[in-house]
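Me: I am a first-year student and still learning how to read a structure. Please pick one part of this one and take me through it closely, along with what lies around it.

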Amino acid sequence: EKIPLRIFNDKEEGSVYIANQIAATIKAKNELGQKTVLGLATGSSPLRIYRELIRIHQEEGLSFKNVVTFNLDEYYQVEPENKESYHYFMYEHFFNHIDINPENVHIPNGMLSPSEIDEFCQEYDRKIAALGNIDIQLLGIGRSGHIGFNEPGATDTTTTRLVKLNKITIDDAAEAFDGEEHVPLRAITMGVKPILNAKKIFMAVWGESKAEILAKAIEGPVGSDVPASYLQKHPDVLCIADAPAASKL
Ligand code: GLP
């Protein structure tokens with residue numbers, strides 16, 4: 001493999017492993033009085049990880065007061081109150097259950113007017129850089145090969161920006177949006193470049209539907225056909241997969 005890989009029996013074990021790694025970093029930094037900068041993902045892949053982090057907060061007292069978060073992406077022209085927005089997802093599944101300061105939460109704004117987009121995206125990347133880049137970036141992978149919403153064609157020099165969603169991604173989102181015709185065609189995504197600037201990256205990959213694209217990302221050539229393949233160039237990345245996701249490697 002060209003991306004370090006750890007295979008767990010199931011997503012439960014893999015998710016608990018990643019949550020423990022993240023919690024250990026936050027704890028160590030808390031003790032030093034330092035901030036932890038997390039890059040966060042949405043979708044089904046990180047759900048169990050967030051649930052475990054909530055448990056560690058509630059039962060072991062891990063504090064998120066010094067944690068600053070940057071989400072990867074948000075659908076464009078979807079209001080934060082919309083249940084399908086990534087804003088809604090993050091508060092529902094994570095932020096409402098921990099002691100994070102809302103001022104430390106950053107999620108791309110899906111309701112910007114066209115004239116505001118460039119400035120917002122540049123500012124997003126500036127804020128990440130000003131904090132010394134992301135300490136731990138959590139990623140899923142889309143069946144298109146995307147990380148965040150960096151669809152095929154996105155190079156490793158891309159910064160945060162407005163993008164068009166790929167056909168596979170729209171298909172996969174159709175159920176959640178009650179039909180393909182309701183899926184937003186665009187999104188604002190963190191670029192490949194700020195993702196690769198993260199000090200440490202965990203990519204969580206579960207289920208057989210991801211097996212084919214995971215094999216391409218890990219074993220295939222590095223390039224924009226499969227944006228996740230750029231992780232092969234990262235010095236501290238770990239792919240955590242369950243057995244079905246790793247079945248084509
Ligand atoms: C979504 C997100 C990605 C996510 C991917 C996989 O659309 N934009 O950040 O990693 O697609 O989603 P899931 O985890 O539900 O398979």
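Reply: Let us begin with a word we will need often: a residue is buried if 20 or more other C-beta atoms lie within 10 Å of its own, exposed if 12 or fewer, and partly exposed in between, with C-beta atoms placed from the backbone. What you see is a predicted model, in which local features need pLDDT of at least 70 and side-chain atom pairs count only at pLDDT 80 or more, while totals for chains, interfaces and linings use all residues. Residues are numbered from 1 along each chain as its sequence is written. Helices (H or I, at least four residues) and strands (E, at least two) are DSSP runs, numbered from the N terminus.

The part I have picked is strand β2, residues 36-40. Five of its five residues are buried, so this strand is mostly covered. T36, L38 and L40 point one way from β2, while V37 and G39 point the other way.

Now look sideways, at the sheet. Two strands pair if DSSP finds at least two bridges between them. Five bridges link β2 with β3, and the two strands run parallel. You can trace this pairing through T36, whose bridge partner in β3 is V67, and through L40, which stands opposite N71. The wider sheet is open and has seven parallel strands, in the order β1-β10-β9-β6-β2-β3-β5. At its edges stand β1 (5-8) and β5 (105-106), each with a single partner strand, so one side of each has no neighbour in the sheet.

What packs against β2? One answer is helix α3, residues 86-93, where Y86, H87, F89 and M90 are buried. Those buried residues fall within an arc of 165° when you look down the axis of α3 (the arc of the directions from the helix axis to the C-beta atoms), so they line one face of the helix. A general rule helps here: an α-helix has 3.6 residues a turn, so residues three or four places apart point the same way. The buried residues of α3 pack against β2, and also against β3 (67-71) and β4 (73-75). Packing here is judged by contact, meaning C-beta atoms, placed from the backbone, within 7 Å of each other.

The strand β2 also has a visitor from far along the chain. G132 and V37 are 95 residues apart in sequence, yet their C-alpha atoms are separated by 8.6 Å. G132 sits in the loop between α4 (117-130) and β6 (136-139). Is G132 buried or exposed? G132 counts as exposed, because 12 C-beta neighbours lie inside 10 Å, whereas V37 is buried.

Follow the chain a little further, to β4. Strand β4 is joined to β8 by three bridges and runs antiparallel to it; in that pairing, D73 has T189 as its bridge partner. Strand β7 (residues 161-164) also runs antiparallel to β8, with four bridges, and one of the matched pairs is V163 with A187.

After β4 comes a loop that leads to α3, and Q77 is found in it. Phi of Q77 is near 65°, a positive value in a residue other than glycine. In general, most residues other than glycine have a negative phi. Q77 is partly exposed, because 13 other C-beta atoms lie within 10 Å. E84 lies in that loop between β4 and α3 too, and counts as partly exposed because of its 16 C-beta neighbours inside 10 Å. Leaving out residues up to four places away in sequence, E84 touches V78, A176 and F177.

Finally, step back to the core. A nonpolar core is a set of buried Ala, Val, Leu, Ile, Met, Phe, Trp, Tyr and Cys residues joined through C-beta atoms within 7 Å. The largest one has 68 residues, and those with the most contacts inside it include I141, F202 and A204. Strand β9 (residues 200-205) gives the largest share of this core, five residues. As an example, A204 touches a set of residues that includes G14, S45, P46, L138 and I240, again not counting residues up to four places away in sequence.

Technical notes. Contact = placed C-beta atoms within 7 Å.
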